[in-house]
Amino acid sequence: MARILVTGNATIDHIVDLAAYPREDSEGRALGSDTRPGGNAANTAAILAQAGHQVDLAAVVAEGHAGDRLLELLAARGIGVERCVRRPGRTPTSWILRSRATGSRTIVHDRELPELDAGAFREEGLAGYDWFHFEGRNPGRLPALLRAVRRVAVDQPVSLELEKPREGIESSLRLADVLMFSSGWARAHGRSEPEAFIAGTARARPGAVQTLTWGDRGAWVAQHGRVTHCAPRAGLQVRDSLGAGDTFNAGLIHALISGEPPETALERAVRLAERKLQRAGLDGLFGPVAR
């Protein structure tokens, strides 16, 4: 299996399961609760570790007991944390309400911690990785992190997740080989139809592998002028959508680094995300993925 470096955010997630999303100023009883590590990068890293890869996480973790606990939780999921750096501040924390009625999740996030900068991103040992994945955040510092990887990479792919539009982040797109767009990103850039968006990005970067996820409309991949769509399975019952996008990204990386062509990798990523949607949490996702 491959050595993969994932760079981005790591949080502690407090998840509360509810029968349905509550009305404002109401009181109710939870069906259950859980505390676990979260954040886009940490979730993607955990799923790739499940697939058998050797995965390290580069993230900022707060000093103190809560940060210690977060590192313990990450390590317990098979993630290497030696490239995480400690800084004064509060551990990023998310409070998540998960509806059993719809499978939706509502997230309230608290962060008071500096982002990872190039000075803390050690170039030593980077050449030994087979793949580099970046969460699309921190636009002021992200290009420097990507360039640090580019200085040592020979032919290792660099992927970039683009979930939320952030001012200035477009300058980082040209530094990645695999671009993972969300429907929210496309809509923020004036595209309400996925086919039009992916066709436009394919023309702008024809050599890059580019994906677009669009919920119940499925996902697309484009490279070298060829656009492929993968539809979702009919009748899919959504139990938990938390981390579905991170699961898709991990599934795509796993398939591509295993030598699958983009079209096959897209289908495998969609089916893995569907498996995740039908269960609570991220554990036990890997195994034979139905075609």
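**Exercise 1. State how much space the largest cavity holds and which residues line it.**

Solution. The largest cavity holds about 70 Å³ of space. This is a predicted model, in which local features need pLDDT of at least 70, side-chain atom pairs count only at pLDDT 80 or more, and totals for chains, interfaces and linings use all residues. Residues are numbered from 1 along each chain as its sequence is written, and side-chain values use heavy atoms, with hydrogens and water left out.

Step 1: fix the terms. A cavity is a set of points, on a 1 Å grid over the protein atoms alone, where a 1.4 Å probe fits but cannot get out; lining residues have an atom within 4 Å of a point. A volume is the space filled by probe spheres set on the points, which are joined across faces, edges and corners.

Step 2: list the lining. Among the lining residues are Thr-7, Gly-8, Ala-58, Ala-59, Glu-115, Arg-137 and Leu-145.

Step 3: sort by class. The lining has 5 nonpolar, 3 polar and 3 charged residues (Ala, Val, Leu, Ile, Met, Phe, Trp, Tyr, Cys and Pro count as nonpolar, Asp, Glu, Lys and Arg as charged, and the others, Gly among them, as polar).

**Exercise 2. Describe the second largest cavity.**

Solution. Step 1: the whole structure has 4 cavities of 30 Å³ or more, and the second largest has a volume of about 40 Å³.

Step 2: its lining includes Asp-13, Arg-36, Asn-43 and Leu-282. Strand β3 (residues 32-38) gives the largest share, 3 residues. Strands (E, at least two residues) and helices (H or I, at least four) are DSSP runs, numbered from the N terminus.

Step 3: by class, this lining divides into 3 nonpolar, 3 polar and 2 charged residues.

**Exercise 3. Work out how helix α6 packs against α1 and α7.**

Solution. Step 1: the axes of α1 (residues 40-50) and α6 (residues 244-257) come within 8 Å and cross at roughly 45°. That makes α1 oblique to α6 (under 35 degrees is roughly parallel, over 145 roughly antiparallel, 65 to 115 roughly perpendicular, and the rest oblique). Axes are lines fitted to C-alpha atoms, for helices over the stretch in contact, with angles from 0 to 180 degrees between N-to-C directions.

Step 2: Asn-43 and Ile-47 are among the α1 residues that meet α6, where the partners include Asn-249 and Ile-253 (contact means heavy atoms within 4.5 Å). This contact has 4 nonpolar, 6 polar and 1 charged residues.

Step 3: the axes of α6 and α7 (residues 262-277) come within 8 Å and cross at roughly 145°. Phe-248 and Leu-252 of α6 and Leu-266 and Val-270 of α7 are among the residues in contact, which divide into 13 nonpolar, 2 polar and 2 charged.

Terms used:
1 Å grid on protein atoms, 1.4 Å probe; cavity = no way out; pocket = protein on both sides within 12 Å on 5 of 7 lines; lining within 4 Å.
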